[in-house]
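Reader: I would love a close look at a single part of this model, the sheet and what gathers around it. Could you walk me through that part in one go?

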Amino acid sequence: MTEGQECYACAREAGFAGLPPRERIAADAHWRVVHAVDCALPGWLVLLPRRHLESLAELTDAEAASLGVWQVRLARALEAVTGCAKAYVAQFGEAAGFAHVHFHVVPRDAGLPVELRGPRVFGLLKAGAADAVPADRMDELAVRIAAALGAPDGPGRP
């Protein structure tokens with residue numbers, strides 16, 4: 001992180017137990033799944049390491065071993081819950097306050113306009129309050145995605 005800039009993911013992780021369902025869809029010792037904030041696409045997930053790191057090369061062997069499993073499980077859950085045609089996975093970690101490694105797992109609906117497909121889907125981030133998925137909708141999706149992941153006790157469970 002740059003001097004004086006707080007890591008958003010780490011600040012939220014510190015209060016894990018009190019987070020709403022959308023910010024703790026599922027978790028294990030290494031990873032936490034959240035719904036993207038300020039996003040116009042319902043079901044846009046973010047997979048975050050539970051400790052701070054800014055480069056993929058910093059993953060431990062255990063974190064790396066479970067990364068692919070999480071990505072596939074999330075893609076399957078998104079297809080089951082949203083009916084999307086496929087899920088995109090991307091990792092950048094360049095935005096101010098978001099240098100913490102994170103993976104976007106994005107449901108690509110069959111009806112998504114061509115001009116928003118591929119990397120252009122990121123045009124649906126920073127949607128603003130009028131277009132962003134409402135908190136109650138994110139929480140509802142969180143519960144359904146957690147169930148699809150096999151978390152019988154709801155969000156926050158592996």
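Author: Happily! In this predicted model, 5 strands make up an open sheet with antiparallel pairing, and their order is β1-β2-β3-β5-β4. At the edges sit β1 (26-27) and β4 (86-91), each of which pairs on one side only. The partner of β4 is β5 (residues 103-108): the two run antiparallel and are joined by 6 bridges. Within this pairing, Gln91 has Phe103 of β5 standing opposite.

Now add the helix. Helix α2, covering residues 61-82, packs on the sheet and touches β1, β2 (31-35), β3 (45-49), β4 and β5. The direction of α2 makes about 25 degrees with that of β5.

The loops that follow these strands bring us to the aromatic rings. A pair of rings is described by how far apart the centres are and by the angle of the planes. There are 3 aromatic pairs in the structure. One of them is formed by Trp44 and Phe122, with 5.3 Å centre to centre and 85 degrees between the planes, an edge-to-face arrangement. These two residues come from distant parts of the chain: Trp44 belongs to the loop between β2 and β3, Phe122 to the loop between β5 and α3 (135-148), and 78 residues separate them. Trp44 has a relative accessible area of 0%, so this residue is buried. Phe122 has 25%, which makes this ring partly exposed.

Phe122 has a further partner in Phe92. The centres of the Phe92 and Phe122 rings lie 5.7 Å apart and the planes stand at 80 degrees, so this pair is edge-to-face. Because Phe92 is in the loop between β4 and β5 while Phe122 is in the loop between β5 and α3, the pair ties together parts that are 30 residues apart in sequence. Phe92 counts as exposed, because its relative accessibility is 52% and the cut-off for that class is over 50%. Put together, Trp44, Phe92 and Phe122 form one aromatic cluster, with Trp44 buried, Phe122 partly exposed and Phe92 exposed.

Two further rings are worth a look, this time for the charges over them. Arg73 places its charged end over the ring of Trp70, 4.9 Å from the ring centre. In the other case, the charged end of Arg50 is found over the ring of Phe16, at 4.4 Å from the centre of that ring.

Conventions. Residues are numbered from 1 along each chain as its sequence is written. This is a predicted model: local features need pLDDT of at least 70, side-chain atom pairs count only at pLDDT 80 or more; totals for chains, interfaces and linings use all residues. Side-chain values use heavy atoms; hydrogens and water are left out. Two strands pair if DSSP finds at least two bridges between them. Helices (H or I, at least four residues) and strands (E, at least two) are DSSP runs, numbered from the N terminus. Contact means heavy atoms within 4.5 Å. Axes are lines fitted to C-alpha atoms, for helices over the stretch in contact, and angles run from 0 to 180 degrees between N-to-C directions. Rings of Phe, Tyr and Trp (its six-membered ring) pair if their centres lie within 6.5 Å; planes under 30 degrees apart count as stacked, over 60 as edge-to-face and the rest as tilted. Buried means under 20% relative accessible area, exposed over 50%, partly exposed in between (1.4 Å probe, protein chains only). A charge sits over a ring if NZ of Lys or CZ of Arg is within 6 Å of the ring centre and within 35 degrees of the ring normal.
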